[in-house]
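Dear colleague,

I am passing on the structure we spoke about, which you will find just below. My notes on it follow, and I would be glad if you read them with the coordinates open.

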Amino acid sequence: MNELIEELKIKIITTLNLIDVKPEEIDIHAQLVGGDLGLDSIDVLELVMMLEEDYGVIIDTKELGMAVFASLAALAEHVHQNRSEKND
Amino acid sequence: MNGLRIFITSMGIVSPFGEGIEKNLSTLREAVPALTPLQLFPSAHVPLPVGEIPFPIPHGNLPRTHVLAMMAAEEALKEAGGPPDAVVVGTTTGGMTATEEYLKQGEKDPVLYRHHAAGSVAEAIAARFGCRGPVLTVSTACSSGTAALKIALELLRSGKARRALAGGADALCRLTYYGFHSLQLVDPGGAHPFDSGRKGMSVGEGAAMFLLTAAAAPPDGAVAELLGGALTCDAHHPAAPHPSGEGARQAMKKALADAGVLREEIDYIHLHGTGTPENDLAEGRAVRALFDGRSVPPASSLKGAWGHSLAAAGAMGAAVSALAVREGFIPPNVGIQTPDPEIPLSPMDAFQTTDVRQVLVNSFGFGGNNAVLVLGHAGNGKGPVRVRENGESIPFYVHGRSCLTGAGDTDRTLDMLSRGENLKGMVPSSDMSKHLPAKAVRRLKRLSRMVLSLGISACAGKREGNLPRAIFFGTRWGALSETHDFLAKLFETDERLSSPTDFIGSVHNAPAGQAAIHFHAPGPNITITGCNGSFEQALFSAGLLCGEDPFLLVGADEYNEHLSPLFDPEASSAERTTDGGGALYLKREKGGATSRVAPVFTGFADAGESVIRKLIAELGGAARIRERFGLILSGIPASFREQAKRQEETFLAGTDYPHPLVDYRRFVGECASASAVATVLAVLFVEKGMVPAGLCGRTPADLGGRGILILGFGRHVTALEVTPC
C-alpha cells in the first residue's frame with residue numbers, strides 16, 4: 001500500500017505538471033482537490049484518465065469521483081481495490 | 001451619421017434538421033428531436049447521441065466544415081446579386097475533420113493539410129463569391145458564430161461595408177466529440193437542457209449564414225433587423241461559466257442598451273442552454289437577475305433537438321430567432337420533462353404561435369466568452385441610427401509594448417537588431433515563461449505561455465483600475481502543442497483516452513481566455529485567426545468593437561515540430577524555424593503616449609490587384625502616403641511570394657513611394673505572427689524617431705518625424721499605421 005501511495009504521488013506530480021511540489025510535501029490525508037495543491041475539477045478529470053490508462057480503474061460519475069478523490073489515502077485505497085490484473 | 005439600419009436580408013442554414021430554411025422551419029414546427037448515435041466515424045465506446053447532419057455531405061476537395069458553411073452561404077446569397085463587401089465567419093474546427101483523419105493515417109504530405117487553417121472556411125466562401133473586402137475568421141469557441149455577427153454588425157455600422165455575409169459553421173469531429181466526453185460534459189442519454197435530470201450536452205454540427213445589409217428601410221423580403229449585440233468575458237475559468245452568470249447578465253444588459261430595446265420589450269429569449277448542469281444553472285440565474293423580479297419572457301433552447309453545434313450554435317440560434325419574429329412563434333425547449341426547480345426559468349414545453357417583435361439570443365463559450373444579440377421585426381423601425389458615412393479608422397495610443405522573438409524578449413530583440421543580426425529562431429523558453437507564476441502556468445503550453453508573457457510585459461507597471469478590460473488576439477494557427485498532444489494521446493489509445501486539459505488548451509481562444517483571467521478583463525475577448533494578417537485583423541476588429549476602455553492586442557504563433565511542417569508552408573520553406581509574437585497595450589486616450597496605431601485596411605486579394613488601389617485610397621492617397629511614412633515594413637510570406645511581390649510592385653508604382661521599404665520577414669523570420677513583431681518594432685522605432693543601422697542602410701536612419709506603414713501582402717492584404725504623436 002505504501003508503495004502504491006508513493007507511486008501515486010509521483011504520478012500526480014507528473015500528470016498535473018506540479019513542478020514546484022515534492023512528493024514528501026503531499027499529505028496523504030489532506031483534501032486532494034481544492035486544498036493546498038491547488039487542484040480543481042479539470043485536474044480530477046486528468047487524473048481519471050491516468051487511472052484508467054495506468055491501473056485500468058474507471059471513474060465515470062461525479063459521486064464516485066468525489067469519494068475517490070477526497071484524499072490521496074482514499075484514492076490509493078480505491079485503486080488498490082479496483083485495479084485490474086493486466087495493469088499491475 | 002446617417003439613417004441606416006442593419007437588416008438580415010436573407011439567410012441559409014444546414015442543421016441536423018436538414019438543409020435549407022424551409023426544411024428547418026417545418027421540422028421546428030413539429031419539434032422532432034434529431035439526436036442520434038454517432039455514425040460519422042467509428043467510436044471506441046458505445047456511440048454517444050449527437051446532432052449529426054442526416055444526409056451524406058459531398059466531400060469533393062473541401063473538409064466537412066467548409067462544405068456546411070458553403071451550403072449555408074449559397075442559400076443566403078442565392079438572390080444577392082453581387083458579392084458581399086465582407087465575410088465574417090465563426091468556426092472552431094476549420095479543417096480539423098480532414099486533418100485528424102490524415103494524422104490518424106500518418107500522412108505526411110503538407111498538400112493534404114492545405115485546408116487545415118480555420119481561416120480557410122471564410123476564404124473558400126470569399127473566393128467562391130468574389131468578395132474583395134475584409135474576410136475575417138472569429139474563433140471564440142462556442143460563441144464564435146454570434147461574435148462573428150456582432151463584428152459584422154459593427155463593420156456595417158462603421159460604414160466600411162454595406163453588405164456583409166456572416167455566420168458560423170462547425171462539423172462533428174473527433175477533437176470535439178472526444179474532447180467534451182473527456183470533460184464528462186456529455187449526457188449519454190442525449191441533451192435535455194434545463195431538465196432536472198440533465199447530465200450534459202450532445203455535440204452537434206451545422207452552419208448558418210446571414211446576408212446583412214445596411215439600408216434606410218427594410219429591403220424587400222428582409223427577414224429581421226439586427227438591432228444590436230454585445231460581447232463580455234467572465235474572466236473566471238477556461239472551461240466553466242461563472243456560477244452567478246454575472247458575465248452573461250452583463251452581455252444581455254449591454255446588448256439591450258446597444259439595441260435601444262428595454263428588457264420589457266423582449267418577447268422571447270433564445271437560450272444558450274447546452275444541457276450541462278453548470279451552464280443551464282448559471283444562465284438561468286443570469287436571466288433572472290437581468291429581469292430583477294419582473295416576469296421573464298418565454299424562453300427556450302433547441303440543443304435538446306439538434307445538439308450543440310459549437311461555433312455554429314449562436315448563428316443557428318439567430319436563424320431560428322429571425323424566423324420567430326418573421327413567422328410569429330416561440331420554439332419549444334425540446335427534451336424537457338421536469339424543469340429543474342433550482343433554475344429560475346420556465347422553458348417552453350411546446351411550439352407556440354404568437355406575435356414576436358424582439359428577441360434576445362444568447363451564446364456562451366470556453367474562455368468565459370459571452371455573446372448576445374438582439375433581433376427585431378423588420379418592420380419595427382426600432383433600429384438605432386448609428387452608421388458612419390465614411391469608414392475612417394480612429395487611432396489607438398500605445399501605452400505599453402512587448403515582443404518575443406528568436407532573440408528573446410523586447411530588450412534582447414532590440415539588442416540583437418542593433419548588432420545587425422536577425423531575430424529568427426524559436427523563442428527561448430526562459431523568455432517565454434518569464435513573469436509567469438508556476439501554479440498559474442502548469443497547465444499552459446507554448447502558445448498560451450507566450451501570450452500571457454507578452455501581455456504581462458506589455459502591461460508592466462499598470463495598476464488595478466488601469467489594466468486592460470478587453471483582449472484582442474490574432475493567431476494564424478492557434479495552440480498547436482495542445483492540439484497535437486490531444487490527438488496523439490487519442491490515437492495512441494485507439495480513441496479510448498484523451499486529455500481534458502489539452503482539449504481546453506487546444507481551442508484557438510484559450511490563450512486570450514488565459515489573458516482575460518490574468519487581467520480580470522470583463523470586456524470583449526476576441527480571437528481572430530487563420531491567416532498571416534490575423535494580428536492586423538485583430539486590431540481591425542478592436543477598432544470596430546472598442547470604446548474608451550484600455551485593451552490588450554496580441555499576435556502570436558508557436559512552432560510545433562509535429563504539426564507546423566504539415567500545416568504551415570512558410571515553416572517548411574524557412575531556413576530556420578521561428579515563432580513568437582508581439583503585444584500592445586492600447587487606449588483611445590493619449591495620456592503620456594508618444595506613438596499611436598491605426599488599423600487601416602484588410603482586404604481579400606483573390607479577385608485581383610484592384611485591392612491595391614483600394615488600399616492606396618483608404619490610406620488617403622499617394623501624396624499622403626509619401627508625406628506621412630518614412631519607412632514601409634512589408635510582409636512577403638514565402639508561400640505567397642509571387643503574388644505578394646506583384647502586389648508590392650503595384651503599390652510602389654501607384655504611390656511613387658520615395659523612402660525605404662524593408663521586407664520584415666527577412667529579419668523577423670517566417671513566423672505566422674511576424675507582423676505582430678514588426679508592429680512592436682515599428683512602435684519602438686517611431687518612439688525614438690530612428691531606425692537602427694542595418695535595417696535600411698549601414699547607418700541609423702532618421703524617420704524625420706514620420707511614421708511607419710506596415711503592409712501585409714498575399715491572399716489577404718493588410719495595412720496598419722504607426723505614427724508619432
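To begin with one short helix, the residues B:R174, B:L175, B:T176, B:Y177, B:Y178, B:G179, B:F180, B:H181 and B:S182 of α6(B) are buried; please bear in mind throughout that this is a predicted model. Since nine of the nine residues of helix α6 (residues 174-182) of chain B are buried, the helix is largely enclosed by the rest of the structure. The cover over these buried residues comes in part from another chain, for it includes α2 (41-55) of chain A, along with α3 (96-104), α15 (480-492) and α16 (500-506) of chain B. Just after α6(B), there is a backbone detail that you may wish to look at, namely that B:Q184 takes a positive phi of about 50 degrees.

Turning to the domains, chain B is divided into domain 1, which spans 5-376, and domain 2, which is made up of 396-473 + 528-724. The C-alpha centres of these two domains of chain B lie 32 Å apart, and their contact takes 26 residues from domain 1 of chain B and 22 residues from domain 2 of chain B.

On the side of domain 1 of chain B that touches domain 2 of chain B, the elements that give two or more residues are α4 (119-129), β6 (135-138) and α5 (144-157) of chain B, and of these α4(B) gives the most, with five residues. By character, the residues of that side of domain 1 of chain B divide into 14 nonpolar, eight polar and four charged.

With best wishes

Methods: Residues numbered from 1 in each chain as written. Chains lettered and ligands numbered in written order. Predicted model: local features only at pLDDT ≥ 70, side-chain atom pairs only at ≥ 80, totals over all residues. Buried ≥ 20, exposed ≤ 12 C-beta atoms within 10 Å, placed from the backbone. Helix = DSSP H or I, 4+ residues; strand = E, 2+ residues; numbered from the N terminus. Contact = placed C-beta atoms within 7 Å. Domains from an automatic or database assignment. Nonpolar A, V, L, I, M, F, W, Y, C, P; charged D, E, K, R; others polar.
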